[in-house]
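Take a look at the chain below. The walk starts at one residue and then widens to the whole fold.

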Amino acid sequence: MATSAGPEIERLISLLAKLPGMGPRSARRAALALLKKREQLLVPLAASLAETAAKVTSCSVCGAPDTRDPCSICSDPARDNSLICVVEEAGALWAMERSGAFRGKYHVLGGLLSALDGVGPDALRVAELVGRARSSKDGGGEVKEIVLALPATVDGQTTAHYISERLNGSGVEISSLARGVPVGGELDWLDDGTIIQALRQRRPA
């Protein structure tokens with residue numbers, strides 16, 4: 001197949017196209033933007049990618065990516081050790097941190113249970129979560145609550161149910177994020193599942 005650019009540029013486009021939300025056309029536009037601003041974008045980006053690849057590791061406690069182990073959150077003495085928020089991936093952790101509403105610790109599963117995709121419990125960091133809850137109980141019960149902040153999907157709810165069963169008897173309270181009408185949301189734009197959850201979790205006005 002004929003190429004419209006050199007092999008290095010074609011490889012850059014091919015790699016960019018593998019990113020979430022990027023297709024071949026978007027990748028070509030992004031590559032062109034990088035090439036047009038080589039000194040301002042391409043060179044610093046290449047250096048940052050190389051440095052990140054060399055330094056980033058997974059936290060041995062929570063599984064989040066960071067340049068230190070334990071990560072900056074796990075090693076922060078100001079965080080509440082009695083709360084652990086369980087998330088699917090690091091992106092959800094970053095979203096929680098942007099809100100500034102949660103001051104506990106985290107646990108990144110690394111995915112969700114999925115029979116369709118062949119993802120079982122051994123592929124996730126469920127055992128490590130159970131270990132954190134059990135060791136806390138044996139050592140004096142520091143962890144008091146585990147918040148399941150998982151997607152409101154079939155796989156997310158299956159994973160949440162499995163985790164709840166695994167943590168049964170740990171002495172730790174298990175909770176999940178409330179679901180319902182978002183702030184600024186209009187009913188006619190919401191799906192049926194969201195409306196049902198909002199009705200089930202209604203509270204006095």
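Cys62 is buried, with a relative accessibility of 1%. In this predicted model, Cys59 is buried too, at a relative accessible area of 3%.

Now to the sulfur atoms. For Cys59, the closest cysteine sulfur belongs to Cys71 and lies 3.8 Å away. A disulfide needs two cysteine sulfur atoms within 2.5 Å, so the distance from Cys59 to Cys71 is too far for a bond. Cys62 has Cys74 as the source of its nearest cysteine sulfur, at 3.7 Å, and is in no disulfide. The count for the structure is zero disulfides.

Next, the fold. The protein chain has seven helices and six strands. Read from the N terminus, the order is α-α-α-β-β-β-α-β-α-β-α-β-α. The chain opens with three helices, then, and three strands follow them. After that, helix and strand alternate up to a closing helix.

How does the chain fill space? Its C-alpha trace spans about 60 × 45 × 35 Å along the principal axes. The radius of gyration is 21 Å, whereas a compact globule of 205 residues would come near 17 Å. Of the 205 residues, 28% are buried. Among contacts with a separation of 6 or more, 47% join residues 24 or more positions apart.

Last, the surface and the charges. The accessible surface comes to about 13400 Å². Carbon and sulfur atoms hold 56% of that area. The chain carries 24 positive and 24 negative charges. The mean positions of the two sets are 4 Å apart.

Terms used
Residues are numbered from 1 along each chain as its sequence is written. This is a predicted model: local features need pLDDT of at least 70, side-chain atom pairs count only at pLDDT 80 or more; totals for chains, interfaces and linings use all residues. Side-chain values use heavy atoms; hydrogens and water are left out. Helices (H or I, at least four residues) and strands (E, at least two) are DSSP runs, numbered from the N terminus. The radius of gyration is taken over C-alpha atoms; the globule rule is 2.2 Å times the number of residues to the power 0.38. Buried means under 20% relative accessible area, exposed over 50%, partly exposed in between (1.4 Å probe, protein chains only). Contact means heavy atoms within 4.5 Å. Accessible areas come from the Shrake-Rupley method with a 1.4 Å probe; for residues, only the protein chains shown count as cover. Lys and Arg count as positive and Asp and Glu as negative; His and the chain ends are not counted. The place of a charge is taken as NZ of Lys, CZ of Arg, CG of Asp or CD of Glu.
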